[in-house]
Amino acid sequence: MAFSGFEGFEKRLEFHFLNDDPNPTINHQLGLRKLEFESIQQILQAVQCTVVSAVGNSYFDAYVLSESSLFVYPTKIIIKTCGTTQLLKSIIPLIYFSNNHLNLTLSSVSYTRGSFIFPNSQPFPHSSFNEEVSYLENTIPSNLCYKKASIMPSKSSSHSWHVFTATQNPHHDHDHIPYELPYTMEICMTELDPVLAGKFFRKPGDEKSGHSAGKEMTELTGINKINKEAFICDFAFDPCGYSMNGMDGGLYSTIHVTPEDGYSYASFECVGSVNNDDDDAIVHVLRKVVQIFRPGTMSVSITTCSEYNNEVWRKVASALEPLGLKCRSCAMDQFPALGSVVFQTFTPLRRKNASK
Amino acid sequence: MGGWFSSQPLTESENSRVKIIHSLARWQLDFNEFKESQTLVVIDFSATWCGPCRFMEPILDAMSNEYTDVEFIKIDVDELSDVAKDLNVQAMPTFVLLKKGKEVDRVIGAKKDELQNKIREHRA
């Protein structure tokens, strides 16, 4: 019987809603943030995860879950879960509560994930991308008629990037400030340096809460230096594992670590916008993340508007090359409502043994 | 902090010892009392538009009934924005622990275990 460890690779759903009431009341401006906590719990129950820690600011609410993270903005929700959670089962209850309780209409949904380390351990509807796409097409409302599903390849068949999007308006119109180029960056790392991964194990016999042990890990590993402006909500799982959500104004970031040797995994995700010379933020973040995890393999997936995608892959590769990580593949594709997705994979320049 | 107003004021729930302060005058009176007393005071800074605050509400109510030697206060950051600003509240919920009018600790975020540990630590 094949061994199956904890699956670190996450499934990610992003929902955008329209807030098109001509006379918005104060409540309506709050949109999804007005969701009753009982409704959120029901949505999470469908996915089999629970809230472990949470914090909010004037822009959004961030929840650390037993199996990853949830971000709630007025018109946008992002849920990211790992392990064997059935993330797609959140769609039906979420649409129900947002339509019936809040009068909000879903305008687009996107689903992304890497390749599972243990694909045979995934339950319905996640046993294959085909199954996921079928389930998505059967559950999303029919007004989201512009759809695309694609598996973006790398040189290795066990490292692909899966994307499904559906929208009612194919033009990239998510609310963003003109002249700013927003991006979402999703980094997936495996084969973490064992000594560095060891920092994400609880010390046996310590009586701290998961919250204060998490805070210690954040400081010990230097995660707090990735974005010094961000407020960090962190948690350390027993006996090992770590999650954090960062809040910097309206920008979120999130890190999840499965440190066990043999199937170690860490992810880093953030959003930002590229104004004129602010590209250094991406470079800085990539370098800090590599320093903290020293992964054996790393994939970087960036979603942004088409005008920027040519520069972005160069920026990512040039940030990582000096750290000894060579770009092994680069794939680019366009998706309705998302814009462009660039998917690159990296491995160290000199590998002792080629594995997988 | 954001310019949103609370859609309806925080209301006290039936089974809870958590006292809600709505006015600056009340806050000033109470704060003067705190300075004279050895009792641990836990202030929950919340906002009606913040999901994590709603998540913590029943938990705080239960804690107020368990730790009867501790004073539990709730303040809406939109109603008493000056108090929130003075105490440097930026993310919600923020729990500020006071003894004799001075801050001895704080918990930022809906962290049940962390808050419980700190209440136990400081209530003596």
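## Exercises on chain B, its partner and one lysine

Buried residues account for 53% of the 124 residues in chain B. The model is predicted, so please read each exercise with that in mind.

**Exercise 1. Describe the fold of chain B: how many helices and strands are there, and in which order do the elements run?**

Solution. Start with the count: chain B has four helices and five strands. Next, walk from the N terminus, and the elements come in the order β-α-β-α-β-α-β-β-α. Then turn to the contacts between residues at least 6 apart in sequence: in chain B, 73% of them join residues at least 24 apart. Finish with the surface: chain B has an accessible surface of about 6000 Å², and carbon and sulfur atoms hold 46% of that area.

**Exercise 2. Characterise the contact between chain B and chain A: what area is buried, and how many salt bridges and polar pairs are counted?**

Solution. A helpful first step is to recall that interface size is often expressed as the accessible area lost when the parts come together. Here chain B and chain A bury about 2000 Å² between them, with 60% of it on carbon and sulfur atoms. As for who takes part, 24 residues come from chain B and 24 residues from chain A.

Now look at the polar side. Between chain B and chain A there are zero salt bridges, while seven residue pairs are in polar contact, both residues being at pLDDT 80 or more. On the side of chain B that touches chain A, α2 (51-66) and α4 (112-122) of chain B each supply at least two residues. By type, the residues on this side of chain B are 12 nonpolar, seven polar and five charged.

**Exercise 3. Place A:K208 in its surroundings: where does it sit, and which residues does it touch?**

Solution. First locate the residue: A:K208 lies in the loop between α5 (194-197) and α6 (210-221) of chain A. Second, judge its exposure. A:K208 counts as partly exposed because its relative accessibility is 35%, and that class covers values between 20% and 50%.

Third, list the neighbours. Leaving aside residues up to four places away in sequence, A:K208 touches A:R202, A:A213 and A:E216. One of these, A:E216, makes a polar contact with A:K208, side chain to side chain, at 2.9 Å.

Last, take a distance along the chain: A:K208 and A:A236 are 28 residues apart, and their C-alpha atoms are separated by 9.9 Å.

Key
Residues numbered from 1 in each chain as written. Chains lettered and ligands numbered in written order. Predicted model: local features only at pLDDT ≥ 70, side-chain atom pairs only at ≥ 80, totals over all residues. Heavy atoms only, no water. Contact = heavy atoms within 4.5 Å. Buried area = accessible area lost by both parts, 1.4 Å probe. Salt bridge = Lys/Arg side-chain N within 4 Å of Asp/Glu carboxyl O. Polar contact = N/O pair within 3.5 Å; in protein donor to acceptor, adjacent residues only side chain to side chain. Nonpolar A, V, L, I, M, F, W, Y, C, P; charged D, E, K, R; others polar. Buried < 20%, exposed > 50% of the residue type's maximum accessible area, 1.4 Å probe, protein only. Areas by Shrake-Rupley, 256 points an atom, 1.4 Å probe, with all protein chains shown as cover.
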